Amino acid sequence: MRFLTKGDKLLISILFVISLSSILYSLFLYPDHINKSAEVRVNGSLVKTMQLREGYREEYRIGGQHEYAIIEVNSGKVRIRQDDSPRQIGVQTGWISSPPQQIVNLPYRIVVTVVSSEAQDLDFIIK
C-alpha cells in the first residue's frame, strides 16, 4: 500500500483551492437568480413548461397529423415555428422573450406565455 507524499498532498490542495475559487467566482459574477420560462397552455391547462436560457434549444409538438403546432425554444426566445391553422397568426407573431409577452393560436386554443421569477416593472398606464 502506497501513501501520499507531501508533494501529492500539496498538489491536491492547490487543485482543490483553484477549483473551489473558480466555482465561487462564477456564482458571484454570473448569478442565475432570474429564471425565465415559457408556459404552454392548451384549453387553459398547462401542458408544458420550457426553460428560456442562453444556448438551450427544444421543440415541442402539440396535436397529431392534422391540427398541430410545433413550439420552438432557442437561446432564451420562444415561438410557434409551424402549425396548420388557416391564418398562421401564431406563427407570424415570431419570437418572444420578455415577460408577459404571449403568443395565441385561437383555432387550437394554444397560449404560450413568457414568465419570470424577477419582479416586473409596472406599466405607466397601470400606475
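Here a trainee and a mentor talk through a predicted model of one protein chain.

Trainee: In what pattern do helices and strands follow one another along the protein chain?
Mentor: This is a predicted model. The protein chain has two helices and seven strands. Read along the sequence, they follow the pattern α-β-β-β-β-β-α-β-β.

Trainee: What share of the 127 residues in the protein chain is buried?
Mentor: Take the surface before the interior. The protein chain exposes about 9500 Å², and carbon and sulfur atoms supply 57% of that area. Buried here means under 20% relative accessible area. Of the 127 residues, the buried share is 24%.

Trainee: Which residues make the nonpolar surface patch of about 750 Å²?
Mentor: Start with Ile23, a residue of helix H1, which spans residues 6-29. Ile23 is partly exposed, at a relative accessible area of 48%. The patch is made by Phe16, Val17, Leu20, Ile23, Leu24, Leu27 and Phe28.

Trainee: What is the strand order in the open sheet of three strands?
Mentor: Look at the edges. Strand S3 (57-62) and strand S5 (77-83) each have a single partner strand, so one side of each is left without a neighbour in the sheet. The pairing is antiparallel, and the order is S3-S4-S5.

Trainee: Which residue in S5 is the bridge partner of Ile70?
Mentor: Strand S4 covers residues 69-74 and runs antiparallel to S5, with six bridges joining them. Ile70 has its bridge partner in S5, and that partner is Gln82.

Trainee: What sign does phi take at Ser75, positive or negative?
Mentor: Ser75 sits in the loop between S4 and S5. With 26% relative accessibility, Ser75 is partly exposed. Ser75 is not a glycine, yet its phi is about 50°, which is positive.

Trainee: Where is Gln88, which has a phi near 60°?
Mentor: Gln88 has a positive phi though it is a residue other than glycine. Its relative accessible area is 24%, so Gln88 is partly exposed. Gln88 lies in the loop between S5 and H2.

Trainee: How many residues apart in sequence are the parts that the Arg57 and Glu72 pair ties together?
Mentor: Arg57 and Glu72 form a salt bridge, with the closest N and O atoms 3.0 Å apart. Arg57 lies in strand S3 and Glu72 in strand S4, so the pair ties together parts separated in sequence by 15 residues.

Trainee: Is Glu72 buried or exposed?
Mentor: Its partner Arg57 is partly exposed, with a relative accessible area of 47%. The cut-off for buried is under 20%. Glu72 has 4% relative accessibility, so Glu72 counts as buried.

Trainee: Which residues are linked in a network of salt bridges?
Mentor: Glu72 also forms a salt bridge with Arg79, whose closest N and O atoms are 2.7 Å apart. Glu59 forms a salt bridge with Arg81, at 3.3 Å between the closest N and O atoms. That second pair links strand S3 to strand S5, 22 residues apart. The residues in the network are Arg57, Glu59, Glu72, Arg79 and Arg81.

Trainee: Which residues does Val47 touch, not counting residues up to four places away in sequence?
Mentor: Val47 belongs to strand S2, residues 45-51. It is partly exposed, with a relative accessible area of 38%. Beyond those sequence neighbours, Val47 touches Val40, Arg41, Val42 and Tyr60.

Trainee: How far apart in space are Val47 and Ile110, C-alpha to C-alpha?
Mentor: In sequence, Val47 and Ile110 are 63 residues apart. In space, C-alpha to C-alpha, the distance is 9.9 Å.

Trainee: Which residue does Pro99 join through a cis peptide bond?
Mentor: The omega of this bond is about 0°. The partner lies in the loop between helix H2 (89-93) and S6. The residue is Pro100.

Trainee: Which side chains of strand S6 are buried?
Mentor: Strand S6 covers residues 102-105, and its side chains alternate. Gln102 and Val104 point to one face and are not buried. Pointing to the other face, the buried ones are Ile103 and Asn105.

Trainee: Which residue in the hairpin of S6 and S7 takes a positive phi?
Mentor: S6 pairs with strand S7 (residues 110-116) in the antiparallel sense, over four bridges. Among the partners, Val104 is matched with Val111 in S7. The hairpin has four residues between the strands. The residue with a positive phi, near 55°, is Arg109.

Key. Residues numbered from 1 in each chain as written. Predicted model: local features only at pLDDT ≥ 70, side-chain atom pairs only at ≥ 80, totals over all residues. Heavy atoms only, no water. Pairing = 2+ DSSP bridges. Buried < 20%, exposed > 50% of the residue type's maximum accessible area, 1.4 Å probe, protein only. Patch = residues over 30% accessible without salt bridge, like charges linked within 9 Å, V, L, I, M, F, W, Y side chains within 5 Å. Areas by Shrake-Rupley, 256 points an atom, 1.4 Å probe, with all protein chains shown as cover. Salt bridge = Lys/Arg side-chain N within 4 Å of Asp/Glu carboxyl O. Contact = heavy atoms within 4.5 Å.
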